[in-house]
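Reader: I'm new to looking at models like this one. Could you pick a single spot and take me through it closely, then show me what else turns up as you move on from there?

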Amino acid sequence: MTRHLQYLGLAALALSAVAVSPAQSAWEPTKPVEFIVPAGTGGGADQMARTIQGIVTKHNLMKQSMVVINKAGGAGGEGFLDVKNSKGDPHKIIITLSNLFTTPMATGIPFSYKDLTPVAMLALDEFILWVNADKPYKSAKEYVDAAKAAGGTFKMAGTGSKQEDQIITEAMQKATGAKFIYIPERGGGAVAVQLVGGHVDSTVNNPIEAVAHWKGGKVRPLCVFDSKKLDYKDKIAGDMSWNDVPTCKSAGLDIEYLMLRGVFMTPGATPEQVNYYVDLFKKVRETEEWKKLMSEGAFNTTFMTGADYLKWVGTEEKRHEDLMKAAGFMAK
Amino acid sequence: MARRGQSAASAGPSQWSVEIGVALATTIFSIIVIVGSLKVGIGWGAEGPMAGFFPFYVGVMILIASAVNLVQALPQSREDLFSEWGQLRQVAFVLIPTAIYVALIPSVGLYVMSIVLIAFFMRWLGKYGWPLIAAIAIGVPVITFIIFEKWFLVPLPKGPIENLLGY
Amino acid sequence: MEEIGNLFHGFATVIQPFNIMVMLVGILLGVIIGVLPGLGGANGVAILLPLTFSMSPTSAIIMLSCIYWGALFGGAITSILFNIPGEPWSVATTFDGYPMAQKGKAGEALTAAFTSSFVGAFFAVVVITLVAPLVAKFALQFGPAEKFAVYFLAFCSFIGMSKEPPFKTLAAMMIGFALGAVGLDQVTGQLRLTFGFETMLTGFDFLIAVIGLFGIGEILLTMEEGLSFKGRAAVINSKVVWETWKELPRYWVTSIRSCIIGCWMGITPAGATPASFMSYGIAKRISKNGANFGKGEIEGVIAPETAAHAAGTSALLPMLALGVPGSPTAAVLLGGLLIWGLQPGPMLFVEQKEFVWGLIASMYLGNVVGLVVVLTCVPLFAAILRIPFSIIAPIILVLCAIGAYSVHNSTFDVVLMLVFGVVGYVMKKCNYPMAPMVLAIVLGDKAEESFRQSLLASQGSLKIFFANGLVGTIMALGLIALFWSVISKGVSRLRSAPAGRSA
């Protein structure tokens, strides 16, 4: 391992030497850029990274190619450690989900956002409370009342253990007094299928993970965990649009949770290098394909860079720490 | 060079000692597994088994199986050979260069080490002429480079020489 | 029938010169990917995905799915020639495929493997064509308990068949389980058995273990026995394909059984790997030649290959209909669909008829084209064995190192591969079976995960494994498979007591 690190350091040194040499002109990648996904294939982060890869290639936004690499080991710890240990290599960026905060807290794997160089927030992913369409619950309140009456036998499926889905489940239990059995699955797609198959009572899937089943009339959205309704007014299922989903707060479930879909790069990156990627993502956001992904998945399209972004991430980490502590999810 | 079968007079480590060694190694392995499982908890909580529950019993089963294997191996004949020394030397001919190859990949890079490994084998074991050696030892890594780095964009470990060439 | 009409419309789409060309390119790339350890189908699909944006979605998906077929075919090649399975579902192919190659029958083994792949995949496509909606509904029945039952059945039908001493088998299998458990525990989100080492986070990947145990281990064994591959006498025979084909119809029962096992395991989310092991295990028990399995029996190649590819193919259906990918490759295909604005799910079959039936039509044709391509290459592949050991061995070592490295881009894994190589060599010499160990590494953590998910859902009650007809039936089948091995042993012992193998 030490050899491995030495090598990486060496390579990084040599590379940064090469990278810095054309001094005056703006920085550009000199070899293929690795886009690390700290999650498995097929999940929300992976879909977004691959869409970006597609957009970059299709519109020729970068002279070098972009390669998406999944490093999902240890709840994403593998990917974050790789970026953390590649100090000074400007050809490695990583897309994050909430495991940027939750993985170090729950497993003790040593990394934090402070070890990485922030690039940009691309979007925020929403969470919606879903139930099977065959069930009678029409509102979050009806569902929570039924869960309370059932006395802790209702099952909630979610992605991973001690991650965002379980944090929301925990918050729901705190807010309502209802008890849920939380069942961890490997990915958002599998979670949605468990709901469609009737093996669990509800999920808190991201919109994009469940939208296909909603269109097919298999699941029903009850409320969105955000302070305001979603902006997207295109009809999706029957005469319902994302905009017709009420907020959970209005249903008496005062919980807000948004998940960061942001990009970081290796530590020790220069401002020119960061700016290159910021510009790249600005261009990506202008494309039709990106807008389509945003509306399909009902994303919150807030874009942030620099100090704002860093501050937002800092606040978010603190919030996760409180949530994780309250839920008893911290590693011993 | 190639000696097949076993000549009765030749010497080597006995099958007995290797069997015992393997059984002891699996015993040590099982203890590591058991210790690791105890660290994360082996209980059966209200929500089903804890993280260490399965590994713990798996470790216990390895321990039991190792013990049985050990007991069964002990009375075996000590005459049977595991392998002749000459044969083991053959194995070492592959194993030691490969170990060096693996050890040097991180610092020297995979491509350069592959050239060395292939050339070494062809020269030492195959006694080929240098032109053929050069063709294959350089050709294979170059083809590998084209397929992995150029077509499929899979980065492989590179060292100072590749860096000098601009990769 | 409406489906048939749609399918013919699909064929019309696929049989355009451009699409046929795209198909050939896809197959050839796929075979390269399948042959080289370290390049999975996911690599190829992911890298080529951007290139396909200039095509229509139908052409693009034809190309990508043909890479998938090519990789499926290609995976068997290294298993048979060098004992190195490039994909989990090719492991069972090595059991008899490699011994066949050692006996100089590499051509026969390759022909049997390719043909069986084709038969399995073709059967699965027919199933998809005829009963797609039903199949999707069936897949939805599988919750954690049902999944565990399927894994349980796969284990039960495979174990108990090894000739090695029972406690060595037990030790090997349990070591596999222990290795599979290293890393993150999916259910509690805790790290376990990592002892604080960062390199252990990702656990022991199957591919690294297999490349070491089988590939490197085999090179060490060959060295010990002298400098030659036993298969060097392989006669290059251009008629080998026809001659093998004449043999194959004899094994039609095995083929059909394997097709059914494969489809069933593919639609239930268990996938191709357990399907291949299960099919091999059952064929070994039922076949008249069962005792010869593992020594180079052609039936031992047919059974796992047919099942693996029936499963690999039918697994695409849940992906299209439910949006749940069954393999990393399928996951990347899924990503491709999304970029083209095709949302997999129940509505895909309604809203995107042309695309779906084009894809299904391309499955038929892609398979046929793939089979023709790989069969023409059989003599070429078999000829690789004539390359002298002192040239081919270092090349294999290099490819193994690349394969191990590219799993996690970690040089530590290359070291691990070499360690597994030495372990594999010693294990083989000491009569420890490797197959149960590999099966345990591949399936152990998944089986444990679904077992614990089930217990979470039932709040600790084991009754959940017999709670409904489906899960109960599968569990009962598993128990019968376990029990049956004892019975059949007893029966055969009674029947042929004097002819027992010499100890």
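Author: Let's start where two chains meet: the charged end of Lys429(C) sits over the ring of Phe82(B), 5.1 Å from the ring's centre. Keep in mind that this is a predicted model, and the confidence score is worth a look as we go. Chain C averages a pLDDT of 84, with 90% of its residues scoring at least 70. Within chain C, confidence peaks in helix α20 (residues 411–429), at a mean of 94, and bottoms out in helix α3 (residues 41–48), at 68. Residues 499–503 of chain C have a pLDDT below 50, and beyond near neighbours in sequence this stretch has one contact in the model. Where pLDDT is low, don't read the predicted coordinates in detail.

Back to charges over rings. Chain B has one within itself: the charged end of Arg78(B) sits over the ring of Trp16(B), at 3.7 Å from the ring's centre.

Chains B and C also share a group of rings. Phe53(B), Phe54(B), Phe56(B) and Tyr57(B) join Phe148(C), Phe152(C), Phe451(C) and Phe465(C) in one aromatic cluster. A charged residue to look up next is Glu449(C), which lies in helix α21 (residues 435–458) of chain C. Is Glu449(C) buried or exposed? Its relative accessible area is 9%, so Glu449(C) counts as buried. Leaving out residues up to four places away in sequence, Glu449(C) touches Arg186(A), Gln186(C) and Val187(C). Notice that chain A has come into the picture through Arg186(A).

Now stay with chain B for a bit and follow helix α3 (residues 85–108) of chain B. This helix has 24 residues and reaches 33 Å from its first C-alpha to its last, close to the 34 Å expected at 1.5 Å a residue. There is a bend in it, though: α3(B) has a kink of about 25°, centred on Ala92(B). Quite a few of its residues are buried, among them Gly86(B), Val91(B), Val94(B), Pro97(B), Tyr101(B) and Pro106(B). Just past the end of α3(B), Gly109(B) takes a positive phi of about 100°.

For comparison, here is a helix in chain A. How far apart are the end C-alpha atoms of helix α2 (residues 44–58) of chain A? They are 21 Å apart, and this agrees with expectation because 15 residues at 1.5 Å a residue should span 21 Å. As for cover, 13 of the 15 residues in α2(A) are buried. Just after α2(A), Asn60(A) takes a positive phi of about 55°.

Other residues have a positive phi too. Lys162(A), a residue other than glycine, has a phi near 60°. You'll find Lys162(A) in the loop between β6 (154–159) and α6 (164–176) of chain A. With a relative accessibility of 17%, Lys162(A) counts as buried, since the cut-off for that is under 20%. Over in chain C, Phe195(C) has a phi near 50°, and it lies in the loop between β2 (190–192) and α9 (206–224). Phe195(C) is partly exposed, with a relative accessible area of 34%.

Let's finish with more rings. Across all chains, a search of the whole structure finds 42 aromatic pairs. One of them is Tyr143(A) with Phe180(A), a stacked pair at 6.1 Å centre to centre, with 20° between the planes. This pair links distant parts of chain A: Tyr143(A) is in helix α5 (residues 140–150) and Phe180(A) is in strand β7 (residues 180–185), 37 residues apart. Tyr143(A) counts as buried at 0% relative accessibility, and Phe180(A) is buried too, at 7%.

Chain C offers a tilted pair, Phe155(C) and Phe177(C), at 5.4 Å centre to centre with 40° between the planes. Phe155(C) is in helix α7 (residues 144–158) of chain C and Phe177(C) is in helix α8 (residues 166–181) of chain C, 22 residues apart. Phe155(C) and Phe177(C) are buried. Helix α8 of chain C is also the place of Pro166(C), but Pro166(C) is exposed, with a relative accessible area of 62%. Pro166(C) and Pro433(C) are 267 residues apart in sequence and 9.7 Å apart in space, C-alpha to C-alpha.

Notes: Residues numbered from 1 in each chain as written. Chains lettered and ligands numbered in written order. Predicted model: local features only at pLDDT ≥ 70, side-chain atom pairs only at ≥ 80, totals over all residues. Heavy atoms only, no water. Helix = DSSP H or I, 4+ residues; strand = E, 2+ residues; numbered from the N terminus. Expected span 1.5 Å × (residues − 1). Bend = angle between axes of the 7 residues up to and from the residue. Buried < 20%, exposed > 50% of the residue type's maximum accessible area, 1.4 Å probe, protein only. Phe/Tyr/Trp six-rings, centres within 6.5 Å; stacked < 30°, edge-to-face > 60°. Lys NZ or Arg CZ within 6 Å of the ring centre and 35° of its normal. Contact = heavy atoms within 4.5 Å. pLDDT = per-residue confidence, 0-100.
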